[in-house]
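Work through the exercises below with the sequence and the model open. Each task is followed by a solution in steps.

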Amino acid sequence: MKVVGVGCGPGMLTAEAVAVIAGASLIYGSARAITLARDVVPPGCEVHEITDYRSLRSLPAHAVVLSTGDPMLAGLGYLPGEVVPGISSLQVAFARLKVPLTRAVVVSAHGKDHARAVADTREEVLRGRVVFLIADPAFDVKALAAALPPGTRIAVCEDLGYPEERIVVGTGAEPPAPRGDLFVVVAGEF
């Protein structure tokens, strides 16, 4: 099996990802991942939307599994087989904010304990790191802001790579608010 990162938005497929997808006869992915790769899926390729992530380990060896962003950043990189990296939301957010990736610490709150993610973010920010927080639609940016020193910079990065991309920077005292469900948060001194 090959797990292929399709990037975090349209037009972010790497040449390697395009080659693997173009040669596939069986593809699985989320609706969003399939949409991002649709233009390079070959005619006659069998394409399935993933309905049960637990069953992915039992796919045939020739299957290609699409992962939004990069499979190794809270993606499907845990599956057996080869991983083809993609352009992640971390890379795009830090590039847009002009923050060196060497300062990054990743915290995931996506489908996980939000209170723990807030505590981990606070700890890393106090250590001088810039936190890239993978959020889910229920993540409360105000709760994060309340846990950080008031002058800490916080960026909400929404719909990265899409035409409606939006990045808003505030502080712990005046945090930005997400408008939609597809967002990440960057917090620290940047």
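**Exercise 1. Find the sign of phi for the residue that follows helix α3, then say which residues of α3 are buried and what covers them.**

Solution. The model is predicted, and every value here is computed from it.
Step 1. Lys98 comes after α3, and its phi is positive, near 60 degrees.
Step 2. Helix α3 spans residues 89-97, and its buried residues are Ser89, Leu90, Val92, Ala93, Phe94 and Leu97.
Step 3. The cover over these buried residues includes β6 (104-108), β7 (130-134), β8, β9 and β10 (183-188).

**Exercise 2. Give the strand order and the pairing of the open sheet that contains β6 and β9, and say why one side of each of these two strands lacks a neighbour.**

Solution.
Step 1. The sheet is open and has 5 strands in the order β6-β7-β10-β8-β9, with mixed pairing.
Step 2. β6 and β9 stand at the edges with a single partner strand each, so one side of each has no neighbour in the sheet.
Step 3. From one strand to the next, the twist averages 20 degrees.
Step 4. Within this sheet, β8 and β10 are paired in the antiparallel sense, over 6 bridges.
Step 5. One bridge can be located by residue: Ala155 has Val186 in β10 as its partner.

**Exercise 3. Describe the open sheet that contains β3 and β5, and the helix α1 that packs on it.**

Solution.
Step 1. This open sheet has 5 strands in the order β3-β2-β4-β1-β5, and the pairing is parallel.
Step 2. β3 (46-49) and β5 are the edge strands, and each pairs on one side only.
Step 3. Neighbouring strands are turned against each other by 20 degrees on average, direction ignored.
Step 4. Helix α1, residues 15-22, packs on the sheet and touches β1, β2, β4 and β5. The direction of α1 makes about 135 degrees with that of β1.

**Exercise 4. Take strand β4 and determine which way its side chains point and which residues stand opposite Leu66 and Val64.**

Solution.
Step 1. In β4 (residues 64-67), Val64 and Leu66 point one way, while Val65 and Ser67 point the other way; all are buried.
Step 2. β1 (residues 2-5) pairs with β4 in the parallel sense over 4 bridges. Val4 is the residue opposite Leu66.
Step 3. β2 (residues 26-29) also runs parallel to β4, joined by 2 bridges. Here Ile27 stands opposite Val64.

**Exercise 5. Decide whether Tyr28 is buried or exposed, and list its contacts beyond four places in sequence.**

Solution.
Step 1. Tyr28 lies in strand β2.
Step 2. The relative accessible area of Tyr28 is 19%, and the limit for buried is under 20%, so Tyr28 counts as buried.
Step 3. Not counting residues up to four places away in sequence, Tyr28 touches His48, Ile50, Leu59, Val64, Val65 and Leu66.
Step 4. As a distance check, Tyr28 and Arg166 are 138 residues apart in sequence and 29 Å apart in space, C-alpha to C-alpha.

**Exercise 6. Describe the surroundings of Thr121: its accessibility, its polar contact and its contacts beyond four places in sequence.**

Solution.
Step 1. Thr121 belongs to helix α4 (residues 114-126).
Step 2. Thr121 counts as buried because its relative accessibility is 0%.
Step 3. A polar atom of the Thr121 side chain lies 2.8 Å from the backbone oxygen of Ala117.
Step 4. Leaving aside neighbours within four places in sequence, Thr121 is in contact with Val107, Val131, Leu133, Leu144, Leu148 and Ala187.

**Exercise 7. Place Ala74 and Asp159, two residues with positive phi, and relate Ala74 to the largest pocket.**

Solution.
Step 1. Ala74 has a phi near 55 degrees, positive although the residue is not glycine. Ala74 lies in the loop between β4 and β5 (82-84).
Step 2. With 58% relative accessibility, Ala74 counts as exposed, because the limit is over 50%.
Step 3. Asp159 has a phi near 50 degrees, again positive in a residue other than glycine. Its loop runs between β8 (153-158) and β9 (166-171).
Step 4. The largest pocket has a volume of about 800 Å³. It is lined by 33 residues, and the closest to its centre are Arg32, Thr68, Ala74, His110 and Ile134.
Step 5. β4, β7, β8 and β10 supply at least two lining residues each.

Note on methods:
Residues are numbered from 1 along each chain as its sequence is written. This is a predicted model: local features need pLDDT of at least 70, side-chain atom pairs count only at pLDDT 80 or more; totals for chains, interfaces and linings use all residues. Side-chain values use heavy atoms; hydrogens and water are left out. Buried means under 20% relative accessible area, exposed over 50%, partly exposed in between (1.4 Å probe, protein chains only). Two strands pair if DSSP finds at least two bridges between them. A polar contact is a pair of N or O atoms within 3.5 Å; within protein, one must be able to donate a hydrogen and the other to accept it, and residues adjacent in sequence count only if both atoms are side-chain atoms. Contact means heavy atoms within 4.5 Å. Axes are lines fitted to C-alpha atoms, for helices over the stretch in contact, and angles run from 0 to 180 degrees between N-to-C directions. On a 1 Å grid over the protein atoms alone, a cavity is a set of points where a 1.4 Å probe fits but cannot get out, and a pocket is an open set with protein on both sides within 12 Å along at least five of seven lines; lining residues have an atom within 4 Å of a point. Grid points are joined across faces, edges and corners, and a volume is the space filled by probe spheres set on the points.
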